[in-house]
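Trainee: I am new to this structure. Please take me through one part of it closely, the nonpolar core.

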Amino acid sequence: MPEREEMQRNRWLAPISNRFGRSELWRFTRRSVPRGAALGLFAAFIVPLGQIFLAAFLALPARANVPIAALITFVTNPFTVPFWLVIANKVGRFVLKVDPTTFGTAKAALEKGWWVEFGWWLQTAGVTAFGFVVLSVLSAAVGYLVASFVWRIVVARRWYRRPGHHRLPEPAE
């Protein structure tokens, strides 16, 4: 997990390193944590490489929690990429309603010569890329809602367990 000082010393982040030093980006608050979760999930699915940097850059203007945004990008890692590729392809096919009859004349033109393999690759890659866009937007929205809900539960439990916190008074007899 990158630390504030480490990100300030990074030579690639030198032009904006003073912005990464702001403490509000490293605090865990009820607004910054869900924003960080949403931006981390968005960056994880939208870009195959450099998700941590993208999440950190997106966290700056959104005033989101940088550690949460960076940590959540690990939902897509080298071990889970094959799974997410299949899911993105299925989501893209479902949303675009792609099947062999959809392409008609274009498909007939692509089935001649060396275009056969290129057309298959283009069709599969395009549908999968669109699936990743859909996954990034949906996962960001769901991540925001889930993080907000979990934050409320955690804070409510801590509030309830505080010393001096009492239940409603017993009715007088």
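Trainee: Before that, what share of the contacts in the protein between residues at least 6 apart in sequence join residues at least 24 apart?

Mentor: The share is 72%. Keep in mind that this is a predicted model. The fold is simple to list. The protein has eight helices and zero strands. Read from the N terminus, the elements run α-α-α-α-α-α-α-α. Of the 173 residues, 29% are buried.

Now the core itself. Seven residues form the largest nonpolar core. They are Leu25, Leu39, Ala56, Ala59, Leu60, Ala64 and Val66. Helix α4, residues 51–62, gives the largest share of this core, with three residues. In soluble globular proteins, nonpolar side chains tend to be buried together.

Look closely at Leu39. Leaving out residues up to four places away in sequence, Leu39 touches Ala55, Leu58, Ala59, Ala62 and Ala64. Two of these names, Ala59 and Ala64, are also on the list of core residues.

A second core of six residues is separate from the one just described. Among its members are Leu41, Phe45, Trp84 and Leu135.

Now turn to the outside. The protein exposes about 12100 Å². Carbon and sulfur atoms supply 67% of that area. Nonpolar side chains appear on the surface too. Val142, Val146, Phe149, Val150, Ile153 and Val154 make a nonpolar surface patch of about 500 Å². One of them, Val142, lies in helix α8, which spans residues 115–161.

Definitions and conventions. Residues numbered from 1 in each chain as written. Predicted model: local features only at pLDDT ≥ 70, side-chain atom pairs only at ≥ 80, totals over all residues. Heavy atoms only, no water. Core = buried A, V, L, I, M, F, W, Y, C linked by side-chain atoms within 4.5 Å. Buried < 20%, exposed > 50% of the residue type's maximum accessible area, 1.4 Å probe, protein only. Helix = DSSP H or I, 4+ residues; strand = E, 2+ residues; numbered from the N terminus. Contact = heavy atoms within 4.5 Å. Areas by Shrake-Rupley, 256 points an atom, 1.4 Å probe, with all protein chains shown as cover. Patch = residues over 30% accessible without salt bridge, like charges linked within 9 Å, V, L, I, M, F, W, Y side chains within 5 Å. Salt bridge = Lys/Arg side-chain N within 4 Å of Asp/Glu carboxyl O.
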